[in-house]
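Subject: The structure, and what turned up in it

Hello,

Here is the structure I promised to pass on to you. Have a look at it first, and then read on for what I found in it.

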Amino acid sequence: MGLLSHRVERWEVRPGDHLYTWRAGYTYSHHGIYVGGSKVVHFTRKKEAGTAGLDSAIAVSSLLSQGADECPTFPDCGFQLPDSGVLLTCLDCFLRGGALHRFEYAAPPALFLAKLRGGTCTTARPDGGADAAVRRAMHLLRHGFGDYDVFDNNCEDFALYCKTGLLPAADEPAIIGRSGQAASAVGVPLAALLSTPFKLLAAGPLGMAAVTAGVYCAGRYITDIGVRKDVVKVEVEDLAAHLGWRRAKAQEAAAAMKKQQQTPPETKAKSLLPLKRKREICV
């Protein structure tokens with residue numbers, strides 16, 4: 001295995017493998033589950049969203065061209081339910097001219113930390129073998145995987161769930177999804193910010209760079225799905241209820257925050273008056 005990726009040939013791929021291919025000059029990788037017959041199930045934006053109005057270059061690029069007429073290999077290539085982001089395509093359409101790589105599971109911590117790019121491996125172990133991964137992927141093709149989100153629920157999150165069955169607990173507000181790419185994207189600026197107090201201890205630019213790299217690697221490791229403590233095993237048949245519960249919790253939190261922001265300053269000041277008067281009486 002290389003430090004950046006694990007490239008494989010087509011004849012090496014087996015059903016249940018977690019595959020990925022680099023896009024936009026190694027800017028990001030797109031992930032899916034190989035289900036056999038030269039077909040891959042993967043996760044994108046919902047069909048009705050189209051390519052208009054997307055606010056992320058990553059999300060725009062991850063949208064595959066749809067329509068079976070464009071694929072000369074398989075007549076069902078591009079199958080996707082109207083209200084779902086889970087998609088079935090042939091391997092050629094999944095790769096879109098890119099190289100084929102296989103995601104690594106049960107990676108030792110030292111090897112995980114040696115890979116500076118996220119989205120290539122995890123310390124988590126697969127659950128149930130290849131058949132379980134294919135079963136989860138095909139079930140989600142028929143029932144969906146919730147709403148696509150670049151940082152919280154993307155194509156890598158989909159493939160990770162198919163292989164491990166792990167998701168953030170419904171009663172725990174997840175700051176970030178399971179995706180190693182998302183952790184890397186957030187980790188770079190965060191590492192630079194958190195390492196700033198140590199600049200006095202670092203011996204010049206090289207020392208500062210080493211400290212930043214250390215903070216970045218530590219952040220990637222503690223957010224890996226194999227290390228995190230806020231994930232639980234969720235059966236694919238119970239996934240709809242799990243995602244619905246998390247969505248409801250998120251909506252409640254957003255509504256509470258919006259209500260707090262809309263509270264007039266005068267109301268907040270009045271709510272503090274009784275406490276102030278009580279303190280004056282005690283004095």
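To start with a small puzzle: which residue in the turn between strand 2 and strand 3 has a positive phi? The residue is Gly-37, with a phi of about 65 degrees, and the hairpin that strand 2 and strand 3 form there has two residues between the strands. Please keep in mind that this is a predicted model.

The overall picture

The protein chain has nine helices and seven strands. Of its 283 residues, 43% count as buried. Contacts with a separation of 6 or more are 68% made up of pairs that lie 24 or more positions apart. The chain's accessible surface is about 15,300 Å², and carbon and sulfur atoms supply 61% of that area.

The sheet

Five of the strands make an open sheet in the order 4-3-2-1-5, with antiparallel pairing. At its edges stand strand 4 and strand 5 (101-102), each with a single partner strand, so one side of each has no neighbour in the sheet.

Strand 3 is a good place to look more closely. On one side, strand 2 (residues 28-36) pairs with strand 3 in the antiparallel sense over four bridges. Within that pairing, Gly-32 has His-42 of strand 3 as its bridge partner, and Tyr-34 stands opposite Val-40 in strand 3. Strand 3 also pairs with strand 4 (residues 86-90), again in the antiparallel sense, over five bridges. Here His-42 turns up once more, with Leu-87 in strand 4 as its bridge partner. If you are tracing side chains along these strands, a general point may help: in a regular strand they alternate between the two faces of the sheet. Strand 3 is mostly covered, with four of its five residues buried.

Two helices are worth finding next to the sheet. Helix 4 packs on the sheet and touches strand 2, strand 3 and strand 4. The direction of helix 4 makes about 105 degrees with that of strand 2. Helix 5 lies across strand 1 (18-23), strand 2, strand 3 and strand 4, and runs at about 35 degrees to strand 2.

Salt bridges

How many salt bridges does the structure hold? There are nine, and I picked out three for you.

In one of them, the side chains of Lys-46 and Asp-147 meet, at 2.9 Å from N to O. Lys-46 sits in the loop between strand 3 (39-43) and helix 1 (57-62), while Asp-147 is in the loop between helix 4 (129-143) and helix 5 (155-164), so this pair ties together parts that are 101 residues apart in sequence. Lys-46 is partly exposed at 21% relative accessibility, and Asp-147 is partly exposed too, at 41%.

Another pair is Arg-135 and Glu-237, whose closest N and O atoms are 3.0 Å apart. This salt bridge also links distant parts of the chain: Arg-135 belongs to helix 4 and Glu-237 to the loop between strand 7 (231-233) and helix 8 (239-262), 102 residues apart. Arg-135 has a relative accessible area of 38% and Glu-237 one of 49%, and each counts as partly exposed.

In the third, the side chains of Arg-228 and Asp-230 meet at 2.9 Å, N to O. Arg-228 is buried, with a relative accessible area of 11%. Some salt bridges share partners, and these join Lys-46, Asp-83 and Asp-147 into one network.

Cysteines

You may wonder about disulfides, the covalent bonds between the sulfur atoms of two cysteines. The structure holds zero of them. Cys-93 is in no disulfide, and the nearest cysteine sulfur, that of Cys-90, is 3.5 Å away. The cut-off for a disulfide is a pair of cysteine sulfur atoms within 2.5 Å, which is why this pair does not count as one. Cys-93 is partly exposed, with a relative accessible area of 26%, whereas Cys-121 is buried, at 5%.

I hope this gives you a useful way into the model. Do write back with any questions.

Best wishes

Notes:
Residues are numbered from 1 along each chain as its sequence is written. This is a predicted model: local features need pLDDT of at least 70, side-chain atom pairs count only at pLDDT 80 or more; totals for chains, interfaces and linings use all residues. Side-chain values use heavy atoms; hydrogens and water are left out. A salt bridge is a side-chain nitrogen of Lys or Arg within 4 Å of a carboxyl oxygen of Asp or Glu. Buried means under 20% relative accessible area, exposed over 50%, partly exposed in between (1.4 Å probe, protein chains only). Two strands pair if DSSP finds at least two bridges between them. Contact means heavy atoms within 4.5 Å. Accessible areas come from the Shrake-Rupley method with a 1.4 Å probe; for residues, only the protein chains shown count as cover. Axes are lines fitted to C-alpha atoms, for helices over the stretch in contact, and angles run from 0 to 180 degrees between N-to-C directions.
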